[in-house]
Amino acid sequence: MGDGQVRMDRLGLLLEQFDWARETAEVRLAGLSDEEYLWEPVPDCWSIRRRADATTPRAFGPGEWLLDQGAPDIPASEYAEVARQVADGMTVAKIAEDWSVSVERVEQVLAHVGPPPPDNAPVTTIAWRLGHLHYCFAGEWEWTFGERRQDPKLMVDFSPSADVALERFWATIDRWREGAATVTEEQLDTVGFSQYPYGSAPDDPYAFVLTGSNLEFIHHMAEIALLRDLWRTRP
């Protein structure tokens, strides 16, 4: 905040946390080149690719460039979240629908059997991380403050240009931030205030959704920062 005062209400604390993360991320992303943005540190990374060159089975996007996405599954890093959702009363059928997997697969996850731990998850490029955050926040705005009609996966025209991608990304982030700043105390406690179609947002109080949005932004930006460090120190 400009006056140096920190808000102590729930929304204020969440916005303060997000603003700090956003400011840190913008500084950390300064000078991003196209080559670094698309750099694949290992073979078979997930990234953005021309529609004709897409290799993952569910790559998506409305334009020429698509964001990689693999076959539907629940990564091991999300097992604890699935268990929490069940403990909070979400049905196994709803979780299966959210992840586009079978009920049997969810039951396997709850029994801690199935795929190995997340070190088998794909390595992703900076372009992928930014694209993932971009469509998530675009969709979160649309399904909370917008008309709740557009598919989030068709809202972002992914670009191979780092400058173009960042310009569009920050505009989307700032629009979402403006919307979040208008939320009332009552709306923070409203289950389903966000109807974002991918995940548990329609079943959660909006305060929980906002917390998750902050964590999503922070952890992906931390991963992008690490990729920048690896790029800088590559052989």
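Helices (H or I, at least four residues) and strands (E, at least two) are DSSP runs, numbered from the N terminus. The model you are looking at is predicted, so local features need pLDDT of at least 70 and side-chain atom pairs count only at pLDDT 80 or more, while totals for chains, interfaces and linings use all residues. Residues are numbered from 1 along each chain as its sequence is written, and side-chain values use heavy atoms, with hydrogens and water left out.

**Exercise 1. Get to know the overall fold.**
Task: Find how many helices and strands the protein has, and the order in which they come.

Solution:
- Step 1. Count the elements: there are nine helices and two strands.
- Step 2. Read them off from the N terminus, and the order is α-α-β-β-α-α-α-α-α-α-α.
- Step 3. Look at the extent. The C-alpha trace spans about 55 × 50 × 35 Å along its principal axes.
- Step 4. Check the radius of gyration, which is taken over C-alpha atoms; the globule rule is 2.2 Å times the number of residues to the power 0.38. For 235 residues a compact globule would have a value near 18 Å, and the protein agrees with its 18 Å.
- Step 5. Turn to burial, where buried means under 20% relative accessible area, exposed over 50%, and partly exposed in between (1.4 Å probe, protein chains only). Of the 235 residues, 43% count as buried.

**Exercise 2. Follow the aromatic rings.**
Task: Work out which parts of the chain the pair of Phe 18 and Phe 137 ties together.

Solution:
- Step 1. Set the rule: rings of Phe, Tyr and Trp (its six-membered ring) pair if their centres lie within 6.5 Å; planes under 30 degrees apart count as stacked, over 60 as edge-to-face and the rest as tilted.
- Step 2. Search the whole structure, and 14 aromatic pairs turn up.
- Step 3. Take one of them: Phe 18 and Phe 137 make a tilted pair, 6.1 Å centre to centre with 40° between the planes.
- Step 4. Place the two rings. Phe 18 belongs to helix 1 (residues 10-28) and Phe 137 to helix 6 (residues 126-142), so their pair ties together parts 119 residues apart in sequence.
- Step 5. Check burial: Phe 18 is buried at 1% relative accessibility, and Phe 137 is buried at 3%.
- Step 6. Compare with another pair. Phe 60 and Phe 158 meet edge-to-face, at 6.2 Å centre to centre and 65° between the planes. Phe 60 sits in the loop between strand 1 (48-50) and strand 2 (65-67), and Phe 158 in the loop between helix 6 and helix 7 (162-180), so this pair ties together parts 98 residues apart in sequence. Both Phe 60 and Phe 158 are buried.
- Step 7. Widen the view: ring pairs join Phe 18, Phe 137, Trp 176 and Phe 217 into a cluster.

**Exercise 3. Look for charges over rings.**
Task: Find which ring the charged end of Arg 175 sits over.

Solution:
- Step 1. Use the cut-offs: NZ of Lys or CZ of Arg must be within 6 Å of the ring centre and within 35 degrees of the ring normal.
- Step 2. Apply them to Arg 175, whose charged end sits over the ring of Trp 141, 3.6 Å from its centre.
- Step 3. Now try Arg 234: its charged end sits over the ring of Trp 231, 3.6 Å from the centre.

**Exercise 4. Examine residues in the loops.**
Task: Decide whether Asp 44 and Gly 192 are buried or exposed.

Solution:
- Step 1. Locate Asp 44 in the loop between helix 2 (34-37) and strand 1. At 70% relative accessibility, Asp 44 counts as exposed.
- Step 2. Look at its backbone: phi of Asp 44 is near 65°, a positive value in a residue other than glycine. Most residues other than glycine have a negative phi.
- Step 3. Find Ser 100 in the loop between helix 4 (92-99) and helix 5 (103-110). Phi of Ser 100 is also positive, near 60°, and at 46% relative accessibility this residue counts as partly exposed.
- Step 4. Move to Gly 192, in the loop between helix 8 (185-188) and helix 9 (206-232). Gly 192 counts as buried, at 12% relative accessibility.
- Step 5. Finish with a distance: Gly 192 and Asp 203 are eleven residues apart along the chain, and their C-alpha atoms are separated by 5.6 Å.
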